[in-house]
Amino acid sequence: MSDSMRMSLEKSVGTGFLDESIESSGDLRPNLVLNDPPRSKVLSTLLKELQWCTSFDFSVAFITTGGLAMLQQALLEAQSRGVEGRILTSDYLTFTEPRALEHLMNQFPSFELKVYSQASFHAKGYLFHHADQGISSLIVGSSNITHGALSTNREWNVRLVSLQEGELLKKTQEEFASAWDRAIEVSPAWLGHYRMLYDSHKRSVQEGFVPVYAEEPAQWPVLGFTEIVPNSMQQEALASLEALRRAGKNKALLISATGTGKTFLSAFDVASQKPQRFLFVVHRQQIAQASMEAFKEILGSDISCGQLGGGYAELDVQYLFSMVQTLSQEEVLHSFAPDHFDYIVVDEVHRSGADSYLKILEYFKPSFLLGMTATPERTDGFDIYRLFDHTIAYEIRLHQALEANLLCPFHYYGISSLDVDGVPFEDLSSFSFLENQAVKVKQMLDRYSIGTYRRRGLIFCSQNEEAKRLSEGLCSLGIKALALSGSDEVEVRNEAFRRLEMEDGEGMLEYLVAVDIFNEGIDIPSLNQVVMIRPTQSAIIFVQQMGRGLRKHPGKEYLTVIDFVANYDNNYMIPIALYGDTSYKKDTLRKFVSGESLSIPGPSTVSFDKIAKERIYASINAASFQKKRFLSEEYMKVKKKLDKVPTMMDFVRLNAISPLLFIDYAKSYFQFKASIGEVEIGSLTPLHLKSLLFFSQILPKGIRPYEGLLVGLLIDQHQGITLEHLQLQVKDRYGFVADEASLLSSIEMLRCGFFSQARCNAFGNLLYCERRGSAIVPTQEFSTLLQNRAYREELVQMLALGEYEYRQHYLEGRGEHDLVLYQKYTRQEVCRLLNWTRDDSSTIYGYRVHKESQTCPIFVTYHKKKETINASTNYPDGFLSRDLLRWTTRNNIKLQGTEPPYIRGEKGPMENLLFVQKSNDEGLAFYYLGQLKFLANEQKTILNDKGKLLPIVEMIFRLPQSVPQDLYSYIIEKGEAEGSGSSSVV
């Protein structure tokens, strides 16, 4: 253990216990570990520690399968690295689940497992040892290994770091050793005895003979009658429907994620409206039957109801549940008068582009028409919204439903560790031709079926032949599987569903294997696994398939999703589907993937193995969101929803594609609309168009607010404003005092004083403001431009988007120079924010000492591609820890030369600002990691391609804050095509 580690730890203890102003390493400081999503979860801290430790000791009173599922992937990777682990739990209150213990025994033979059974045991502590650094981390507090404790409960834990010689660490280890020595090793015999006690206690709880002791909602619900009442979102939707009717609307669209209770919601609304004749339209007889039963639960079992289709023709009823295939037949349809039904509900209305649906919708004239779907977006371009006059009653997407606890939590595992005879298998498109495919799939099913005693799963394949072979192979291995295809009759499918839902007995099935016939329309609430052995072609289909298992069901704690992530170009669809973000911002997608479970509501988790994660990153980097066809399709989705040409803020309000992508493609939103025929390019003069190009460069992204605020004031106040007035406006609107240099820089931006002459020529050499005494006023040419209504509207849209982006991404956490930690900036944007008088981004190679402003931005590409690395520029820049950086100057720089004294701060208070990107694949932007503090430097040399030694200066800097672990891990981990970043340095 180095002296520097001891000194760093002493400072960190001082920060935590003596004075928060003491500079120290954030990795080593004492800190609270809380569930405060999306900023933090107890789970996230445990996962980070498991990622880097060399051994660990856990002492927890309770372990459930749900809690274990959250740690599964990290434990697997720790085991594969040879990490030693000891897990101590208890049989206190018979709360720990025997299935969780059994899974630990079977899947983690490298880890020791014991149960403390002598007395009440409620200890919760996690010890992580880092032998390579001579330190250990101790997390002690209130969190057991359960769903709620690791993600949603209000928990207090403290993380402390100690040297191996520390007294607290030694006493903690002694206490653990004492309890460990008294504990019982978990054996099959002990587990069999404990399972009997557990099952007996479970029965007693269900029968109400004993109280339920739990840290979270009861595992075993007490039996009894529960009145069905609308949940929170259903109440809001019902209120919205009533408001629409009062406003004179006679039709509406309800968008609601699978499993959130669309059918019950419609039944509640029908109960309130009391129609004389009601029609419920579905596409399968099984759904008609289930829907009718749901209505009986709400309206009463004695209501007059019947079915049409599937062998039924019960027409003389008040409430009719009909299959679309039967109702659309001419003789059946015209047996009803167009106004026969007062209220019609069409389920799965995204299918309504089909002729059968259109025939029904065009024929009937009800007092009110309600369409229900989880996915209104269609790949064939049909406009569902038009059928309902673009009236949306309510919208509940997957993440909203998870947040409102309307759905079952899920644990998603993105894995790539499918190999054949030890050789990684890269192309799952030919998966069906592997003779031993079933063996490998079974391995993964066993590995991730965490404590699932009765597996009920759907397996999605790419081809019917693949599904058939896989099901046959699984059956030969003792797994009860059956392949279904689109050619199978309804009766065959229904029988398969019945066998899947059986608890036990002859004919029981564990898995149904198919291509895409389970995407929608089936209702198996007890389903607890979804397995994807096919590429993710569509985020919509991904959510549909995963949604099959998200319905709540007694005894089902969570859904397991196993996704074999192969090396496909469209892997970027996976984070879009999982996180529900359709902005197509690449940095946002990377953030979601690196943070894994942080942005997932509730106890649901997302875990990727290392290779799967790198494949998704590579797919995000390679994805082209700048193709006209793609952008046009995303544009039309929003236009159809609104029935008008959308503004840029419409895309934001509807959580659609980021309008910034239209600007990236066409240089302005107006020109994009013109390129697809939405506006007339001739409605603006060439000068107007050049002006929009200029403003599109500086306003919509919103990296700082001053230019936008100034433009807005110039539009509205032609008499002009003073610098003091502008400063006051910033204070009133954003709550801080802007420095004068930044305001003056913004004024110069509007006078085209920042860009090169060539860029200014492209922007029309327009000046937008000028000084008139102490006032800043719009120029005559700007005032003339503003007389064009279309131009003015485009400018106002840009101001609105820039304001939103600034408040969303740059206001909170704003620091010096308006830079925000961990946001991304291009070199040009950095020059602008540092108030440089001109754009010098083209001359910033690795860094630039800017003597006038006393700033030195440093840009580091952490991993250079192997084929692009030149020996003389392959500098050994890299993190020594999350808050220490080793960095080198460019070659031919000497310790006492011109640059080092400036960088060291010997010629004034130089600000060294660090910007880092993982690789060149990320594009032009870099993460801002803060203002560096110089610690030390040393003269060294670098060997160039010709074998000549060139002088460089190596420096050590401290970062103001430790880089967040997820971002740090993302940056430092190498992909297959990336170089090591090392070079021959002496």
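**Exercise 1. Charges over rings**

Task: In this predicted model, find which ring lies under the charged end of Lys586, and which under that of Lys824.

Solution. Start with Lys586. Its charged end sits over the ring of Phe625, 5.8 Å from the ring centre. A charge sits over a ring only if it is within 6 Å of the centre and within 35 degrees of the ring normal. Now take Lys824. Here the ring belongs to Tyr927, and the charged end is 4.6 Å from its centre.

**Exercise 2. Aromatic pairs**

Task: State how many aromatic pairs the model holds, then classify the pair formed by Phe694 and Phe695.

Solution. Rings pair if their centres lie within 6.5 Å. By this rule there are 63 aromatic pairs. For Phe694 and Phe695, the centres are 5.2 Å apart and the planes make 65°. Planes over 60 degrees apart count as edge-to-face. The pair is therefore edge-to-face.

Next, burial. Phe694 has 1% relative accessibility, so Phe694 counts as buried. Phe695 has 0%, so Phe695 counts as buried too.

Finally, look for a cluster. Phe278, Phe280, Phe295, Tyr319, Phe321, Tyr343 and Phe368 form one.

**Exercise 3. Two residues in helices**

Task: Decide whether Ser691 is buried or exposed, and list its contacts away from neighbours in sequence. Then place Ala271.

Solution. Ser691 lies in helix 27, residues 686–698. Its relative accessibility is 0%, so Ser691 counts as buried. Set aside neighbours within four places in sequence. Ser691 then contacts Phe763, Leu766, Tyr768, Leu785 and Tyr791.

Ala271 is in helix 9, residues 262–273. At 28% relative accessibility, Ala271 counts as partly exposed, because that class runs between 20% and 50%. Ala271 and Phe295 are 24 residues apart in sequence, with 9.0 Å from C-alpha to C-alpha. Phe295 belongs to the aromatic cluster of Exercise 2.

**Exercise 4. Helix 23**

Task: Check the span of helix 23 against expectation, then say which elements its buried residues pack against.

Solution. Helix 23 covers residues 628–642, 15 in number. From first C-alpha to last it reaches 21 Å, close to the 21 Å expected at 1.5 Å a residue.

Buried in this helix are Phe630, Leu631, Ser632, Glu634, Tyr635, Val638 and Lys641. An α-helix has 3.6 residues a turn, so residues three or four places apart point the same way.

The buried residues pack against two strands and four helices:
- strand 9 (251–256) and strand 16 (392–396);
- helix 14 (384–387), helix 24 (648–653), helix 25 (660–666) and helix 26 (669–675).

Now step past the end. Asp643 follows helix 23, and its phi is positive, near 60°.

**Exercise 5. The antiparallel sheet around strand 28**

Task: Work out the order of the three strands and name the edges.

Solution. Take strand 26 (residues 721–722). Strand 26 and strand 28 pair in the antiparallel sense over two bridges. Thr722 stands opposite Ala775 in strand 28.

Take strand 27 (residues 769–772). Four bridges join it to strand 28, again antiparallel. In strand 28, Ile776 is the bridge partner of Arg771, and Val777 that of Glu770. Strands 27 and 28 form a hairpin with two residues between them. In the turn, Gly773 has a positive phi of about 70°.

The sheet is open, with the order 26-28-27. Strand 26 and strand 27 stand at the edges with a single partner strand each, so one side of each has no neighbour in the sheet.

Last, the side chains of strand 28 (residues 775–778). Ala775 and Val777 point one way, Ile776 and Pro778 the other. All are buried.

**Exercise 6. Parallel partners of strand 22**

Task: Identify which residues of strands 20 and 21 have Leu512 as bridge partner.

Solution. Strand 20 (residues 457–460) runs parallel to strand 22, with four bridges. Leu458 is partnered by Leu512. Strand 21 (residues 481–483) also runs parallel to strand 22, with three bridges. Leu482 is partnered by Leu512.

Check strand 22 itself (residues 511–514). Tyr511 and Val513 point one way, Leu512 and Ala514 the other, and all are buried.

**Exercise 7. Confidence**

Task: Find where the pLDDT falls below 50.

Solution. The chain average is 89, and 93% of the residues score at least 70. Over residues 212–225 the pLDDT is below 50, though this stretch has 32 contacts beyond near neighbours in sequence. Residues 979–986 are also below 50, with 27 such contacts. Where pLDDT is low, the predicted coordinates should not be read in detail.

Note on methods
Residues are numbered from 1 along each chain as its sequence is written. This is a predicted model: local features need pLDDT of at least 70, side-chain atom pairs count only at pLDDT 80 or more; totals for chains, interfaces and linings use all residues. Side-chain values use heavy atoms; hydrogens and water are left out. The expected span of a helix is 1.5 Å times one less than its number of residues. Buried means under 20% relative accessible area, exposed over 50%, partly exposed in between (1.4 Å probe, protein chains only). Contact means heavy atoms within 4.5 Å. Rings of Phe, Tyr and Trp (its six-membered ring) pair if their centres lie within 6.5 Å; planes under 30 degrees apart count as stacked, over 60 as edge-to-face and the rest as tilted. pLDDT is the predictor's confidence in each residue, from 0 to 100. Two strands pair if DSSP finds at least two bridges between them.
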